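This report describes one helix and the internal cavity of the structure shown below. Readers may wish to keep both sequence and coordinates at hand.

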Amino acid sequence: MTEKVVLAFSGGLDTSVCVKLLEEKYDVEVITACVDVGQGDEEMEKAKTMASKIGGLKHYNIDAKEEFANEYITRGIKANAEYEGYPLSTALARPLIAEKIIEVAEKEGATAIAHGCTGKGNDQFRFEAVILAMSDLDIIAPIREMNLTRTEEKAYAESKGIELSYDKIYSIDENLWGRAIEG
């Protein structure tokens, strides 16, 4: 493994299995990076602990709360950035997360950025649009590319000894401005 990939990492099911998938199926070294946009110290610590347990080359926890509040949430509030009464908190966080992941990739000399998006939602487009606009890095999306279901991911995690800290059929995305639940 010679090429390095930076994985946008939350420590949840999708990104946890991505570490091993990237190493095994894509033959790359993985650097994980979790960007703190207000999901809480406990979630950030869980991501760091999970990254340590799974392996990979190294892990970054990046504090972007102040920038998210000042540059994104403030502008979102001024623009009434909501959909059917819900703030677009997740949508607004993705470009900043992508920017911070690009910074890590450039610092580490990575050739690509990876994410754990499944291909079902808009997150993949929000991440990838920023990565394509701001860098020349390749994009790898193992879960989407392999079309894995959550059941298949759980089985893969078990086969690789990845101990998940919870067993949910959905994911929660939380930041300074709100919370979103995906099924």
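## Helix α2 and the largest cavity

On one side of helix α2, the residues D41, E42, S52 and K53 are exposed, opposite the buried side. The model is predicted.

Helix α2 comprises 14 residues, spanning residues 41–54. From first C-alpha to last, α2 reaches 20 Å, close to the 20 Å expected at 1.5 Å a residue. The buried residues of α2 are M44, A47, M50, A51 and I54. They lie on the same side of α2 because they cover an arc of only 125° around the axis. An α-helix has 3.6 residues a turn, so residues three or four places apart point the same way. Just after α2, G55 adopts a positive phi of about 115°.

The elements against which the buried residues of α2 pack are listed below.

| Element packed against by the buried residues of α2 | Residues |
|---|---|
| α1 | 13–25 |
| β2 | 29–36 |
| β3 | 58–63 |

A second topic is the interior void. Searching the whole structure yields 1 cavity of 30 Å³ or more. The volume of the largest cavity is about 30 Å³. Its lining consists of A8, A98, I101, I113, A114, H115, F127 and I131. Two or more lining residues come from each of α4 (89–108), β6 (112–114) and α5 (123–134). By class, the lining of the largest cavity holds 7 nonpolar residues, 1 polar residue and no charged residues.

Definitions and conventions:
Residues numbered from 1 in each chain as written. Predicted model: local features only at pLDDT ≥ 70, side-chain atom pairs only at ≥ 80, totals over all residues. Heavy atoms only, no water. Helix = DSSP H or I, 4+ residues; strand = E, 2+ residues; numbered from the N terminus. Expected span 1.5 Å × (residues − 1). Buried < 20%, exposed > 50% of the residue type's maximum accessible area, 1.4 Å probe, protein only. Arc of directions from axis to C-beta. Contact = heavy atoms within 4.5 Å. 1 Å grid on protein atoms, 1.4 Å probe; cavity = no way out; pocket = protein on both sides within 12 Å on 5 of 7 lines; lining within 4 Å. Points joined across faces, edges and corners; volume = space filled by probe spheres on them. Nonpolar A, V, L, I, M, F, W, Y, C, P; charged D, E, K, R; others polar.
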